[in-house]
Amino acid sequence: MQLGALLCLLLAPGAVLGGQAKAPPSRPYNQVLVVPNGAPRGEWGPVEMCPEGSYANGFAPKGEAPGEDDTGLNGIRLHCSDGTTVQSSVGAWGRWQGARYCPRGYLRAFSLGVQPRQDAGDDVAAAAGLRVACSDGELLAGHAGDAGGREGSWSHPCLSGSVCGLQTRVEEPGGQRGDHAALNDVRLFCCPP
């Protein structure tokens, strides 16, 4: 293979995310939304996209209520405008909560609620609450765990188009010192209109 072709392949959008090679998403995207407060624990799961021509108009969080080892958010499922759902990696605990939908639009930005690292205490997780902004101006929230109401920094909004996919960073059971933290970070993908 020629060096130029190899470089194009390696630098293709979605080919390398966060330093780890991942399969490129199944549809083209024009922006990746991130927040500065995600935690580095766990591994990035696969990029999962809504079908071509469909955008995320809702989401459902998977969370665990406070308990002996509260893990906060364990997963996020996007609800696509064609009726399908997509999810990346999901933690082992909790249950899926009811979906929240944009009344007349699509997801455009998000905020991740974060509990600071406890060291001597129980790390709920980096991700304990999720809020999304819809293109119609609505704000939707999904909470889990002790830090459920905690506000986080907002991502940039989709500049063109709307959210069409996601990737989650999840720590496997056992975690650091046996302190389970489940979902730690999220990336949302924007697709052009």
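Modeller: Two strands pair if DSSP finds at least two bridges between them. Strands (E, at least two residues) and helices (H or I, at least four residues) are DSSP runs, numbered from the N terminus. This is a predicted model, where local features need pLDDT of at least 70, side-chain atom pairs count only at pLDDT 80 or more, and totals for chains, interfaces and linings use all residues. Residues are numbered from 1 along each chain as its sequence is written, and side-chain values use heavy atoms, with hydrogens and water left out.

Biologist: Thanks! How many helices and strands are there in the chain?

Modeller: The chain has 1 helix and 15 strands.

Biologist: What makes S6 and S7 a pair?

Modeller: Strand S6 (56-63) and strand S7 (73-80) share 7 bridges in the antiparallel sense, so they satisfy the pairing rule. Look for glycine 58, which stands opposite histidine 79 in S7.

Biologist: And what joins S7 to S8?

Modeller: They pair in the antiparallel sense over 3 bridges, with histidine 79 opposite threonine 85 in S8. S7 and S8 form a hairpin with 4 residues between them, and glycine 83 in the turn has a positive phi of about 95°.

Biologist: Why is S15 called largely enclosed?

Modeller: Buried means under 20% relative accessible area with a 1.4 Å probe, protein chains only. In S15, 9 of the 9 residues are buried, so the rest of the structure largely encloses this strand. Its partners are easy to find: S14 (residues 162-170) joins S15 through 8 bridges, running antiparallel, and S3 (residues 31-33) joins S15 through 3 bridges, also antiparallel. Arginine 169 stands opposite aspartate 185, and valine 32 stands opposite phenylalanine 189.

Biologist: How do you know whether serine 88 is buried or exposed?

Modeller: Its relative accessible area is 7%, so by the cut-off serine 88 counts as buried. This residue sits in the loop between S8 (85-87) and S9 (95-96). Leaving aside neighbours within four places in sequence, serine 88 is in contact (heavy atoms within 4.5 Å) with Gly45, Pro46, Glu48, Leu166, Gln167 and Thr168.

Biologist: What makes something a nonpolar core, and which residues touch the most other members of the largest one?

Modeller: A nonpolar core is a set of buried Ala, Val, Leu, Ile, Met, Phe, Trp, Tyr and Cys residues joined through side-chain atoms within 4.5 Å. The largest has 27 residues, of which Leu78, Leu107, Phe110, Leu130 and Val163 touch the most other members. S6, S7, S11, S12, S14 and S15 each give two or more residues to this core. Apart from it lies another core, of 7 residues, among them Tyr29, Tyr55, Cys164 and Cys191.

Biologist: Why is a space called a cavity, and how many are there of 30 Å³ or more?

Modeller: A cavity is a set of points on a 1 Å grid over the protein atoms alone where a 1.4 Å probe fits but cannot get out; lining residues have an atom within 4 Å of a point. Points are joined across faces, edges and corners, and the volume is the space filled by probe spheres set on them. The count is 2 cavities of 30 Å³ or more, and the largest has a volume of about 40 Å³.

Biologist: Which residues line the largest cavity?

Modeller: Phe59, Ile76, Leu78, Leu107, Leu130, Val132, Val186 and Leu188. S7, S12 and S15 each give two or more residues to this lining.

Terms used. On a 1 Å grid over the protein atoms alone, a cavity is a set of points where a 1.4 Å probe fits but cannot get out, and a pocket is an open set with protein on both sides within 12 Å along at least five of seven lines; lining residues have an atom within 4 Å of a point. Buried means under 20% relative accessible area, exposed over 50%, partly exposed in between (1.4 Å probe, protein chains only).
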